[in-house]
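Me: Please take one part of this model and look at it closely, then set it beside some of the other contacts in the structure. I would like the cut-offs spelled out as you go.

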Amino acid sequence: MTRQMTGAKMVVQALKDQGVDTVFGYPGGAVLPIYDEVFQQNDIRHVLVRHEQGAVHAAEGYARSTGKPGVVLVTSGPGATNAVTGLTDALLDSIPIVVLTGQVPTFMIGTDGFQEADTVGITRPCTKHNWLVKDTNKLADTIHQAFHVATTGRPGPTLIDIPKDVQFAQGTYVEPQKARTEHYQPQVKGDIDAITRLAEMIEAAERPVFYTGGGVINSGTAASQLLRELVDATNFPITSTLMGLGAYPASGKNWLGMLGMHGLYEANMAMHDCDLMINVGARFDDRITGRIDAFSPGSKKVHIDIDPSSINKVIHVDLPIVGDVGHVLEDLLRIWKSRGRKTNVEALGNWWKQIDAWKEVNCLDYKNSTQTIKPQHALQRLEAITRGMDRYVTTEVGQHQMWAAQFMGFDEPGRWMTSGGLGTMGYGLPASVGVQMAHPDSVVINVAGEASWLMNMQEMGTAVQFRLPIKQFILNNERLGMVRQWQELLHGERYSHSWSEALPDFVKLAEAFGCKGRLVKDPAELDDAIQEMLDYDGPFILDVMVEKHENCFPMIPSGEPHNKMLLGEASTADAIGTSGAVLV
Amino acid sequence: MNALKIKKGSSKKSAYDLRDPNSDIVETHTLAVIVDNEPGVLARVIGLFSGRGYNIDSLTVAEVDHTGHQSRITIVTGGTPAVIEQIKAQLGRIVPVHRVHDLTVEGASVERELALFKVAGTGEKRVEALRMADIFRANAVDSTLESFVFELTGAPDKIDAFADLMRPLGLVEMARTGVAALSRGAE
């Protein structure tokens, strides 16, 4: 039976058949037929954002907290161009989202029509794949392909540009299972010979470390379970990138904490001194490696990744395994167990002694105050009060983000949403909207800096309209803290444009949006303020006035290797050499 | 190596892997990229090269399978062994790309290019140009009393050699198609 319908109806039908329950979007001239269909149904909730960038970040938050693709619907021209930052963010962090954009009618394409932009041209480098659909008969098939491409292999954003006449025209609907997806079938099973080789390396390793990333989380909850089983069975230490937090529980006994530029001393030292590095779903990002030619000089490196282009891109590895993390870990566990579950227990014991000595450095130590709230202290209190709750945390980008990663612990995957690869200020608030839509009864907290937060603060309107009780935990230092920190270390304390002048009164701002806010300055009132934020039945902005010139440590200065970490204020003089100064 | 969309046996057991992956020596490779002939596919390939800072020395593209709507893009590119591997892996990531062949490492191949040369001159130079064209087996496809247009097919260095010879004899302009290449043998 063939089903005839308009392109607009087809869009809604295809989304339903893909199991979509929530769409984040903003209407406009070129998507009016689709919005008319959205109006005439109740299966899909549409969340009206206040800016298209917010729609994409909300969809990212939805996707990362559910494991399902996030869906965005925006209009042509400015609607599409406003989505570009979110698309790039999703591309760099491998987040599955499907963006539908309206386009001027096919006969107007190329005439510089009103709200016309070359959307597929603009978004080609910031999507995993994109399509311009010029024939209604191909629309449903293309939408199903877009979901397939976004969610399989290394996930990423896809975009479908739909001219208005294609939305009005009649065509034949195609079911998801009949869509053409055959030629895009990424390899998920790893090479068994290579996995066996890894099992042998695990047996012989004296100073091993697991270095895990967002790929474990993208692979699904089963991959996280397998990782935990493997880590516990081998008793190897494990560290993770910013993207991978929660795949192995922060409360787990083998957990070293996050690694990288602002990672923990013990994690970075273990990376530097190990003899076997097992990279599971991470990509040797420059925030992780520091100086490339001094990166973990004595180790054999193994890299498990679903994307062949990640292999040997930055760091040459001794054993690449292309495949899905879940599948590879499953095979690895089976093979390693069948060979007798062997590890070098004695060497491992010495390795743990060394790691425990590094831990004693207590690298997250900071000088607390009874006069002003230290940002680290604020996060420690937030962590202490909310740890046991059904909690999701998003962040903006900057010092607060790194402190949150250092001081908050995540025991489950998909509980921590942050912009890692692109470092998008303004990500956290709309992401928290998306997370709360997916988890209406959970506690959703956006740990923010005041400067990042202002970049997409319009989304408070969305939160109020949809009664999303998101908690905005703003660490307000009236500075662009990370920029200021770099200017202090690198540019002779010349703080060029890195302070927040003329900030709004966040309490009044909350009231203006129709929600609640509170300002807290006194460390003694912090717990009470956090409790009020959590207890309030609605969106809440907590403006935490923190120490203005606090620096984020530990820190690997740019251009330096892992074992040259700065641990505190005393070690910062001339920390970054001239060669490091050109790095970001 | 299926996920790389690289022909079986071309990487793991070929001489290629015996070379130092960290070598700084820049090599020239000829890649054949089989793609779906859909709108924007060439832009994706070119955008990959410009966006990631790779070089294109030569590029040809045409549909080679009209029923399957597949095109063959032949790219001559340069880079260290690590960069060449990265280029191939990045090409393999593009959704409409079906296969990436590195003809430089997958055994012997033939490379051919077609070029047109406009040579203007009279008297002895004109005679000499015609004589050279004969030696190179170039065809005169257009002639006036003051000029010829020669058509020449061959490997890129043959085209270069002919251009060098024509320059003092009145070469006005030339057009080259870029390299088309196929592996030798039955497969």
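Reply: The buried residues of helix 7 of chain A pack against helix 1 (7-17), strand 5 (97-103), strand 6 (129-132), strand 7 (157-163), helix 8 (164-168) and strand 8 (170-173) of chain A, where two residues are in contact if their C-beta atoms, placed from the backbone, lie within 7 Å, and where helices (H or I, at least four residues) and strands (E, at least two) are DSSP runs numbered from the N terminus. This is a predicted model, in which local features need pLDDT of at least 70 and side-chain atom pairs count only at pLDDT 80 or more, while totals for chains, interfaces and linings use all residues. Residues are numbered from 1 along each chain as its sequence is written, and chains are lettered from A and ligands numbered from 1 in the order in which they are written.

Helix 7 of chain A is largely enclosed by the rest of the structure, because 12 of its 13 residues are buried (20 or more other C-beta atoms within 10 Å of a residue's own; exposed means 12 or fewer, and partly exposed lies in between). The buried residues include the polar or charged A:D141, A:T142, A:H144, A:Q145 and A:H148, together with A:L139, A:A140, A:I143, A:A146, A:F147, A:V149 and A:A150. The length of helix 7 (residues 139-151) of chain A also agrees with expectation, since at 1.5 Å a residue its 13 residues should span 18 Å and its end C-alpha atoms are 19 Å apart; the expected span is 1.5 Å times one less than the number of residues. Helix 7 of chain A is followed by A:G153, which has a positive phi near 65 degrees.

Elsewhere in chain A, the axes of helix 11 (residues 221-234) and helix 14 (residues 325-338) come within 9 Å and cross at roughly 30 degrees, with axes fitted to C-alpha atoms over the stretch in contact and angles running from 0 to 180 degrees between N-to-C directions. This crossing is left-handed, that is, the near helix is turned anticlockwise from the far one by less than a right angle. In the contact, A:A222, A:A223, A:L226, A:L227, A:E229 and A:L230 of helix 11 meet A:V325, A:G326, A:L329, A:E330, A:L332 and A:L333 of helix 14, and by class there are 9 nonpolar, 1 polar and 2 charged residues (Ala, Val, Leu, Ile, Met, Phe, Trp, Tyr, Cys and Pro count as nonpolar, Asp, Glu, Lys and Arg as charged, and the others, Gly among them, as polar).

Between chains, 17 residues of chain A are in contact with 20 residues of chain B, and the side of chain A that touches chain B has 8 nonpolar, 6 polar and 3 charged residues.
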